[in-house]
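Please read the points below alongside the model. They deal with confidence, helix packing and salt bridges.

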Amino acid sequence: NAVEHKNLNLPFEIDVDKYNEIRKTISRKINNCGIYDSRKGFSDIILSVIIIKYYLQDEKIVLSKNVYPVVSEITGNSVKLIDANIRNSIKEGWLRADPDLICKEYTKPVDAEKGYPTAREFLMYIANSINYYN
């Protein structure tokens, strides 16, 4: 039984209540990094984190090969657009959010020259920080 949420049909089994709790947890974490639901990449980030955490648990994560194509199937957006939306959301979040709040939520070092994490670094960090297990 696939979970249906906001007309999204996830290609893996997960309990609806668990899905909603995970979504809330991810939303809070990325909100603390300055990324809000008004951003185009917000839902793409949430779906990507869920796919990484629950669908690709033991596989090597290559966003363009095994994460974004699944998000693309769910949302109908191109892989290129998903990548751009996620990268832009992270960049803008880091530029606009309170740096102290970001440092509390995202404790991994960030390239000082760039000033924000890559999409892969960010998605993997959030996925690894979720405390819900199968």
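The numbered points start with the reliability of the model and then take the helix contacts in turn.

1. Status and overall confidence. This is a predicted model. The average pLDDT of the chain is 85, and 87% of the residues reach at least 70.

2. Where confidence varies. Helix α4 (residues 79-96) has the highest confidence in the chain, with a mean of 95, whereas strand β1 (residues 2-5) has the lowest, with a mean of 40. Across residues 1-8 pLDDT remains under 50. For this segment the model nevertheless has 21 contacts beyond four places in sequence. Where pLDDT is low, predicted coordinates should not be read in detail. I would ask that any figure mark residues 1-8 as a stretch with pLDDT under 50.

3. Helices α2 and α3. How do the axes of α2 and α3 cross? Helix α2 (residues 42-55) and helix α3 (residues 63-75) have axes that come within 10 Å, at a crossing angle of roughly 120°. At that angle α2 is oblique to α3, because the perpendicular class ends at 115 degrees and the antiparallel class begins over 145. The crossing of α2 and α3 is right-handed. On the α2 side the contact is made by Asp-44, Leu-47, Ser-48, Ile-51, Ile-52 and Tyr-55. Helix α3 contributes Leu-63, Asn-66, Val-67, Tyr-68, Val-70, Val-71, Ile-74 and Thr-75. Sorted by class, the residues of this contact are 10 nonpolar, 3 polar and 1 charged.

4. Helices α2 and α6. The axes of α2 and α6 come within 9 Å and cross at roughly 60°. Helix α2 is therefore oblique to α6. This crossing, too, is right-handed. From α2, the residues Ile-45, Ser-48, Val-49, Ile-52 and Lys-53 meet Phe-122, Leu-123, Met-124, Ile-126 and Ala-127 of α6. The contact comprises 8 nonpolar residues, 1 polar and 1 charged. Ser-48 and Ile-52 of α2 take part in the contact with α3 and also in the one with α6.

5. Helices α1 and α6. Helix α1 (residues 16-31) and helix α6 (residues 119-129) cross at roughly 130°, with axes that come within 10 Å. The two helices are therefore oblique to each other. Their crossing is right-handed. Ile-26, Lys-29 and Ile-30 on α1 meet Phe-122, Ile-126 and Ser-129 on α6. By class these residues are 4 nonpolar, 1 polar and 1 charged. Phe-122 and Ile-126 of α6 appear in this contact and again in the contact with α2.

6. Salt bridges. How many salt bridges are found in the whole structure? The search gives 6. One of them joins the side chains of Lys-24 and Glu-21, with an N to O distance of 3.7 Å. Lys-24 and Glu-21 are about one helical turn apart, because 3 residues separate their positions in helix α1.

Key. Residues are numbered from 1 along each chain as its sequence is written. This is a predicted model: local features need pLDDT of at least 70, side-chain atom pairs count only at pLDDT 80 or more; totals for chains, interfaces and linings use all residues. Side-chain values use heavy atoms; hydrogens and water are left out. Axes are lines fitted to C-alpha atoms, for helices over the stretch in contact, and angles run from 0 to 180 degrees between N-to-C directions. Helices (H or I, at least four residues) and strands (E, at least two) are DSSP runs, numbered from the N terminus. Angles under 35 degrees count as roughly parallel, over 145 as roughly antiparallel, 65 to 115 as roughly perpendicular and the rest as oblique. A crossing is left-handed if the near helix is turned anticlockwise from the far one by less than a right angle, and right-handed if clockwise. Contact means heavy atoms within 4.5 Å. Ala, Val, Leu, Ile, Met, Phe, Trp, Tyr, Cys and Pro count as nonpolar, Asp, Glu, Lys and Arg as charged, and the others, Gly among them, as polar. pLDDT is the predictor's confidence in each residue, from 0 to 100. A salt bridge is a side-chain nitrogen of Lys or Arg within 4 Å of a carboxyl oxygen of Asp or Glu.
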